[in-house]
Amino acid sequence: VAIINQITLLTIVLTGAAVIREREHGTLEHLLVMPLTSFEIAIAKVWANGLVILVATGASLFLVVQMALKVPFVGSHLLWFVGVVLYLFFATALGLYLGTVSRSMAQFALLIILVVVALQMLSGGSTPVESMPEWLQYLTFLLPSRHFVSFSQVIIYRGGGIRAVWPQFLMIGAVGLGCFVYSL
């Protein structure tokens, strides 16, 4: 659960802060006058920040969780990392969106508190979704963090394959695409 929460926090913060920093220093305007589309600028931010977090996640999983703590990983590492890549797409797209709507780093920090705490508390990683009120359980179906926790548990603890997790992958990809398109 700690890795899942850190992926969410770091990805959103790094991506949004990069957008705000470029806007504050005027380099975003330099990018916009270059022969690049807003899609190319945004996808570069997604790839750059997502790749850094993916490498850190891999190092954390192998060095800390498996080697130092000796926690068993029952399922496929490759399948879990495919899911992590999808979730990173969502989180970077959300970071882009929050960085786009924020006018300052202070405003971005306040938005981060609201968004990340809600994503983490409603994900099912800290408290089971089944213990939440029924109306809130339905609302959590729209949160990719819930699906990330769900497919992680299925792959890591139960050894589930693609047949068991494709609905979660689809939902994360759809919400991520929605955030990405909206942030453009």
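These exercises work through side-chain contacts and surface features in a predicted model.

**Exercise 1. The salt bridge**

Find how many salt bridges the whole structure holds. Then state which side chains meet and which helices they tie together.

Solution.
- Step 1. The search of the whole structure returns one salt bridge.
- Step 2. Its partners are the side chains of Lys45 and Glu22, at 2.7 Å from N to O. The cut-off is 4 Å, so this distance qualifies.
- Step 3. Place the partners. Lys45 belongs to helix 3, and Glu22 to helix 1 (residues 2-25). The pair therefore ties together parts 23 residues apart in sequence.
- Step 4. Decide on burial. Lys45 has a relative accessible area of 12%, so Lys45 is buried. Glu22, at 18%, is buried too. Buried means under 20%.

**Exercise 2. Two aromatic pairs sharing Phe151**

Classify the pair Phe148 and Phe151, then the pair Phe151 and Phe169.

Solution.
- Step 1. Start with the total: the whole structure has 11 aromatic pairs.
- Step 2. For Phe148 and Phe151, the ring centres are 5.2 Å apart and the planes meet at 55°, so this pair is tilted.
- Step 3. Check the sequence spacing. Phe148 and Phe151 are three residues apart in helix 7 (residues 144-158), so about one helical turn separates them. Both are buried.
- Step 4. Turn to Phe151 and Phe169. Their centres are 4.9 Å apart and their planes are at 85°. Angles over 60 degrees count as edge-to-face, and this pair is edge-to-face.
- Step 5. Compare positions along the chain. Phe151 is in helix 7 and Phe169 in helix 8 (residues 162-183), 18 residues apart. This pair links distant parts of the chain. Phe151 and Phe169 are both buried.
- Step 6. Widen the view. Phe148, Phe151 and Phe169 are among the members of one aromatic cluster, which also includes Trp80 and Tyr87.

**Exercise 3. A charge over a ring**

Which ring lies under the charged end of Arg146?

Solution.
- Step 1. The ring is that of Phe141.
- Step 2. The charged end of Arg146 is 4.1 Å from the ring centre.

**Exercise 4. A nonpolar surface patch**

List the residues of the nonpolar surface patch, then place Met67 and decide: buried or exposed?

Solution.
- Step 1. Phe62, Leu63, Val64, Met67, Leu69 and Val71 make the patch, which covers about 560 Å².
- Step 2. Met67 sits in helix 3 (residues 38-68).
- Step 3. Met67 has 53% relative accessibility, so Met67 counts as exposed.
- Step 4. Phe62 has a second role: this patch residue also belongs to the aromatic cluster.

Notes. Residues numbered from 1 in each chain as written. Predicted model: local features only at pLDDT ≥ 70, side-chain atom pairs only at ≥ 80, totals over all residues. Heavy atoms only, no water. Patch = residues over 30% accessible without salt bridge, like charges linked within 9 Å, V, L, I, M, F, W, Y side chains within 5 Å. Areas by Shrake-Rupley, 256 points an atom, 1.4 Å probe, with all protein chains shown as cover. Helix = DSSP H or I, 4+ residues; strand = E, 2+ residues; numbered from the N terminus. Buried < 20%, exposed > 50% of the residue type's maximum accessible area, 1.4 Å probe, protein only. Phe/Tyr/Trp six-rings, centres within 6.5 Å; stacked < 30°, edge-to-face > 60°. Lys NZ or Arg CZ within 6 Å of the ring centre and 35° of its normal.
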